[in-house]
Amino acid sequence: MTDPWTPSSWRDRSAAQQPSWPDEAVLESVLKHLATLPPLVFAGEARALTSALGEVADGKAFLLQAGDCAESFESFSADGIRDSLQVILQMAIVLSYSAGVPTVKVGRIAGQFAKPRSSDTERIGDLDIPSFRGHLINDIAPTAAARVPDPNRLLQAYHQSASTLNLLRAFVKGGFADLGRVHQWNQEFVASSREGQRYERLAQDIDRALRFMRACGIASETQPNLHEVDFFTSHEALILGYEEALTRNDSLTGEWYDCSAHMLWIGERTRQLDGAHVEFLRGVGNPLGCKLGPSATPDEALAICEALNPARIPGRLTLISRMGADTVEDALRPLLAAVRDAGHPVVWACDPMHGNTYTAVGGKKTRHLDAVLSEIAGFFAAHRAEGTWPGGVHVELTGDDVTECLGGAEEIFDADLDDRYETMCDPRLNGRQSLDLAFRVAELLQR
Ligand code: PEP
Ligand code: CO
């Protein structure tokens, strides 16, 4: 791990979860082209996120990381981007207003196109065809031809990320995120629900506070932080050729940044200490995440801290636990204690989704909101017991009115799953379920 790092030094390590590209020459020419295209983010923005996450590591702020399991080339629209942003902004308002802590907002968006798979192949009828790996790599249609990895998809993903990011920047800096518009973020299908009404009451409180502030001479037109928000992008850094091609030397600091997103994370299936993903990410200056599932040991967690954040920069590393509702408390406590005792300034975030997925009676992958909330409660309990800060949540959601996860105040049952099951990969919370989750997290934070 102490060998010199270069943007391509990962190529000497074994890289899990990489597609078998049919033609290496085509891949190399696409990567060369990508390397000439403008970076999607600026290194200074990544540093701003590290410093915001440093506040989280210090127990002074909370991280909300949320978005799609996998973005799609097909269901790509301005409305979809706006609706996802709206839900995240609503959740952040609930968290900040109810719990009184600043919320750092990071989307799983503008680059979340690649999926690790538990099996390389999928059985369709009596054929084994390559698994779907996300639109960065192949198509979801269940035919062998559709599943052939196509390097041109890397370019399409880059361009879709650029347009998504462009619209997000316009929304969050151009007035859409103005605190005076909190009511307008409440989408119709959410507004009519119990959670939506609870949100509406909170929005009225905020209105009153804004009127009071205006009377005191503080108005959103003159106060950028009432008018704009900071919103960051993130995705799993899975396909390392793509990430390498977007890695650039920052002229201000001379350091390397992966300019495909502000924050990159390593998934549960690619966190091998001697593997290519850890090697690649240790050398870029961005804030990093690493998933930790129930098999993670305290020694592994410490080794990941040492590998990815040897300088112990607060906010540089977020450890994202995804244990499952029944195991989280017991599995997490030893990790919290070890990292705390070693003095590593990490952000601890709870992914309550990936340890609670199962196949429903009708054959659809789902998650029950009760299990999701129960994992979050266990995460908070573990932190309370160890005296550490439950720094954030990492969730899969959409602004669309989907029926993919069960439960919620307006309960979704097994039989409803077929109604609007639209995800390409894992089941996502809809707007109502997401708001419900935000209120529960705010209650836990208030204790
Ligand atoms: C994900 O976040 O979509 C994912 C695949 O998670 P994990 O690596 O934790 O399984
Ligand atoms: Co997922």
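Contact here means heavy atoms within 4.5 Å. The views below show a predicted model.

**View 1. Packing of helix α10.** Helix α10 spans residues 298-308, and its buried residues are A301, I304, C305, A307 and L308. These buried residues pack against three strands, β8 (263-266), β9 (288-292) and β10 (317-321). They also pack against two helices, α9 (276-282) and α11 (328-342).

**View 2. The cobalt site.** The cobalt ion (ligand 2) has the protein donors C69 (SG), H354 (NE2), E396 (OE) and D426 (OD). These donors lie 2.1 to 2.5 Å from the ion. Along the sequence, the donor residues follow the spacing C-x284-H-x41-E-x29-D. H354 is in the loop between β11 (347-350) and β12 (358-359), while D426 is in the loop between β14 (392-396) and α13 (431-446), so this pair ties together parts that are 72 residues apart in sequence. H354 and D426 are both buried.

**View 3. Surroundings of ligand 1.** The residues around ligand 1 are C69, R108, K115, P116, W265, G267, E268, R269, K291, R322, H354 and E396. Among them, C69, H354 and E396 also serve as donors of the cobalt ion (ligand 2). Three side chains are shown with their distances to oxygen atoms of ligand 1. For R108, a polar side-chain atom is 2.9 Å from an oxygen atom of the ligand. For K291, an N or O atom of the side chain is 2.7 Å from an oxygen atom of the ligand. For H354, the distance from a polar side-chain atom to a ligand oxygen atom is 3.0 Å. Ligand 1 taken alone exposes 300 Å², of which the protein buries 97%.

**View 4. A salt-bridge network.** R108, K365, R367, E396 and D426 are linked in a network of salt bridges. Of these residues, E396 and D426 are donors of the cobalt ion (ligand 2), and R108 and E396 are among the residues around ligand 1. The structure as a whole holds 35 salt bridges. Individual pairs from elsewhere in the chain follow.

**View 5. The D79-R82 pair in helix α3.** A salt bridge joins D79 and R82, with the closest N and O atoms 3.6 Å apart. Both residues lie in helix α3 (residues 78-99), at a separation of 3 residues, or about one turn of the helix. D79 is partly exposed at a relative accessible area of 43%, and R82 is likewise partly exposed at 27%.

**View 6. The D120-R133 pair between loops.** D120 and R133 form a salt bridge whose closest N and O atoms are 2.7 Å apart. The pair links distant parts of the chain, 13 residues apart. D120 is in the loop between β2 (103-108) and β3 (121-124), and R133 is in the loop between β4 (127-130) and α4 (152-173). D120 has 55% relative accessibility and counts as exposed, whereas R133 has 8% and counts as buried.

**View 7. The E279-R282 pair in helix α9.** The side chains of E279 and R282 form a salt bridge with an N to O distance of 2.8 Å. The two residues are 3 residues apart in helix α9, so about one helical turn separates them. E279 is buried, at 1% relative accessibility. R282 is also buried, with a relative accessible area of 18%, because buried means under 20% relative accessible area. Helix α9 also appears in View 1, among the elements against which the buried residues of α10 pack.

Conventions. Residues are numbered from 1 along each chain as its sequence is written. Chains are lettered from A and ligands numbered from 1 in the order in which they are written. This is a predicted model: local features need pLDDT of at least 70, side-chain atom pairs count only at pLDDT 80 or more; totals for chains, interfaces and linings use all residues. Side-chain values use heavy atoms; hydrogens and water are left out. Donors are N, O and S atoms within 2.8 Å of the metal (3.2 Å for Na, K and Ca); water is not among the atoms, so sites may look incomplete. Helices (H or I, at least four residues) and strands (E, at least two) are DSSP runs, numbered from the N terminus. Buried means under 20% relative accessible area, exposed over 50%, partly exposed in between (1.4 Å probe, protein chains only). A salt bridge is a side-chain nitrogen of Lys or Arg within 4 Å of a carboxyl oxygen of Asp or Glu. A residue is near a molecule or strand if one of its heavy atoms lies within 4 Å of it. A polar contact is a pair of N or O atoms within 3.5 Å; within protein, one must be able to donate a hydrogen and the other to accept it, and residues adjacent in sequence count only if both atoms are side-chain atoms. Accessible areas come from the Shrake-Rupley method with a 1.4 Å probe; for residues, only the protein chains shown count as cover.
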